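Work through the exercises below with the structure open. Try each task before you read its solution.

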Amino acid sequence: MVADLTAARFAPEHCPRLVIKIGSSLLVDDSGALRESWMQSLCADIAERIKAGQKLIIVCSGAIALGARRLGLAQGGRATLADAQAAAAVGQIALSRFWQEALSDHGFIAAQILLTLDDMEDRRRYLNATATLERLMETQAVPVINENDSVATEEIRFGDNDRLAASVAQAVRAGGLLLMSDVDGLYTANPAKDSAAKRIATVETIDSSTTGLADDGEGSLMGTGGMASKLAAAKLATEAGIATAIISGRHDHPLQHFTKGDSGTIFAPSMSPKARKSWLASRQSARGTITVDDGAVRALLNGASLLAAGITAIEGEFLRGDLIRLCGTNGTAIAQGLSEYDADVARKVMGRRSEEHQAILGTTPRRAVVHRDHMVLL
Ligand SMILES: Nc1ncnc2c1ncn2[C@@H]1O[C@H](COP(=O)(O)OP(=O)(O)O)[C@@H](O)[C@H]1O
Ligand SMILES: N[C@@H](CCC(=O)OP(=O)(O)O)C(=O)O
């Protein structure tokens, strides 16, 4: 049941709507100038895909970096919020102009949309923004989106364009999201600091062992959330059923490069609840067994999650996310599912009521030991 985790998944024939997010580091060179020839090669790739029938939506960063150079602002325009907002106002107009000209060279019309978090969270504005995007996609216009940095206050900022791109991908029901960056995917450690770091080609589930790989140091004003924000965006998107990839924008024709070779990190979209249940039922390799009392058996058969209070014994050294079997006191297998806890932590809370868990664990407890969404009756 593992989804096809190759670049083909993002091709026009498999993915009618694709959101592509381009990071600041790709748009602007070390001196703060626009990397025009690279962007033109990207636009050629974009044009090729649109001609092949794919609807593309671009989320493009870089306004602050570009504007800061033009205004001669220190720290890339990120010293204060006011600097970042002034820089964005200057840089955005240059970015928009670039997209307009570069897309027009291929016969397409650029459409600029600047969004804040409020626009996507307020129902009326969300519907309005979505309707605009839908209408644009019916035409030959290519939406180019950025955060509306110049008006966004701390409270209404998206904070980074990775998250904005994931939110837009959900709004337009995209099949895929490409996060294009200066790094060729997720590595086992930050490759800028550790030359032994290895690229991870595919990720089926984003959990704490995945997010723990992001090593970004300090975040900065108005974006550049580093790998952590890419993983948060990938989680949001994949949970909405959208295949996501972090891909390199270091080469010319970056979309062709991704399509051709073994590059990037591809994150699997979550399965539909029905498909997920049948996948869970088909899995054989349980890493542990939990015995539950008669009350818990009845609750499970009625479709409830397994709470720690109903557990009488735990066998095996499973980890969070591992498949475990749930049995009645007579040894009959009742259900199987994915554990929300490592075995040693589950042992600490077994037989105890949920209200006691916080004190036992010293951290916020999870909802259940096996949640009903991740469980199937046998
Ligand atoms: N585990 C990791 N794998 C890859 N890159 C990582 C990792 N941890 C941190 N990074 C850093 O994340 C950076 C990409 O994020 P960022 O600079 O915000 O990109 P963008 O401007 O494209 O949004 C990389 O250049 C790299 O230094
Ligand atoms: N909206 C900001 C960029 C924010 C952002 O997320 O930057 P990046 O992490 O480089 O994609 C700008 O246009 O400068």
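**Exercise 1. The sheet**

Task: In what order do the eight strands of the open sheet run, and which are the edge strands?

Solution. This is a predicted model. Step one: follow the pairing across the sheet, which gives S3-S4-S2-S1-S5-S7-S8-S6. The pairing is mixed. Step two: look at the ends. Strand S3 (109–115) and strand S6 (202–203) are the edges, as each pairs on one side only.

**Exercise 2. The neighbours of S4**

Task: Find the sense in which S4 pairs with S3 and with S2, and how many bridges join each pair.

Solution. Strands of a sheet pair through backbone hydrogen bonds, either parallel or antiparallel. Start with S3 and S4: they run parallel, joined over seven bridges. Now take individual partners. Ile113 has Ile145 of S4 as its bridge partner. Leu114 faces Asn146 of S4. Then turn to S2 and S4: their pairing is also parallel, over two bridges. Here Val59 is opposite Ile145 of S4. Ile145 is thus named in two pairings, with Ile113 and with Val59.

**Exercise 3. Enclosure of S4**

Task: Why can S4 be called largely enclosed by the rest of the structure?

Solution. Apply the burial cut-off: 20 or more other C-beta atoms within 10 Å of a residue's own. Six of the seven residues in S4 are buried, so the strand is largely enclosed by the rest of the structure.

**Exercise 4. A helix on the sheet**

Task: Which strands does helix H4 touch, and what angle does its direction make with that of S3?

Solution. Locate H4 at residues 81–104. The helix packs on the sheet and touches strand S2 (55–60), S3 and S4. Next, compare directions: H4 and S3 make an angle of about 155°.

**Exercise 5. The listed binding site**

Task: Which residues does UniProt list for "binding site", and what is the largest C-alpha distance in the set?

Solution. The unreviewed UniProt entry lists Ser61, Asp149 and Asn161. They are spread over 101 residues of sequence, yet they cluster in space, with a largest C-alpha distance of 10.6 Å.

Task: Where do Asp149 and Asn161 sit, and is each buried or exposed?

Solution. Asp149 is in the loop between strand S4 (141–147) and helix H7 (161–171). Asn161 belongs to helix H7. Count neighbours next. Asp149 has 28 other C-beta atoms within 10 Å, so it is buried. Asn161 has 29 within 10 Å, so Asn161 is buried too.

Definitions and conventions. Residues are numbered from 1 along each chain as its sequence is written. Chains are lettered from A and ligands numbered from 1 in the order in which they are written. This is a predicted model: local features need pLDDT of at least 70, side-chain atom pairs count only at pLDDT 80 or more; totals for chains, interfaces and linings use all residues. UniProt positions are given in the numbering used here, feature names are shortened, and annotations may be inferred rather than shown by experiment. Helices (H or I, at least four residues) and strands (E, at least two) are DSSP runs, numbered from the N terminus. A residue is buried if 20 or more other C-beta atoms lie within 10 Å of its own, exposed if 12 or fewer, and partly exposed in between; C-beta atoms are placed from the backbone. Two strands pair if DSSP finds at least two bridges between them. Two residues are in contact if their C-beta atoms, placed from the backbone, lie within 7 Å. Axes are lines fitted to C-alpha atoms, for helices over the stretch in contact, and angles run from 0 to 180 degrees between N-to-C directions.
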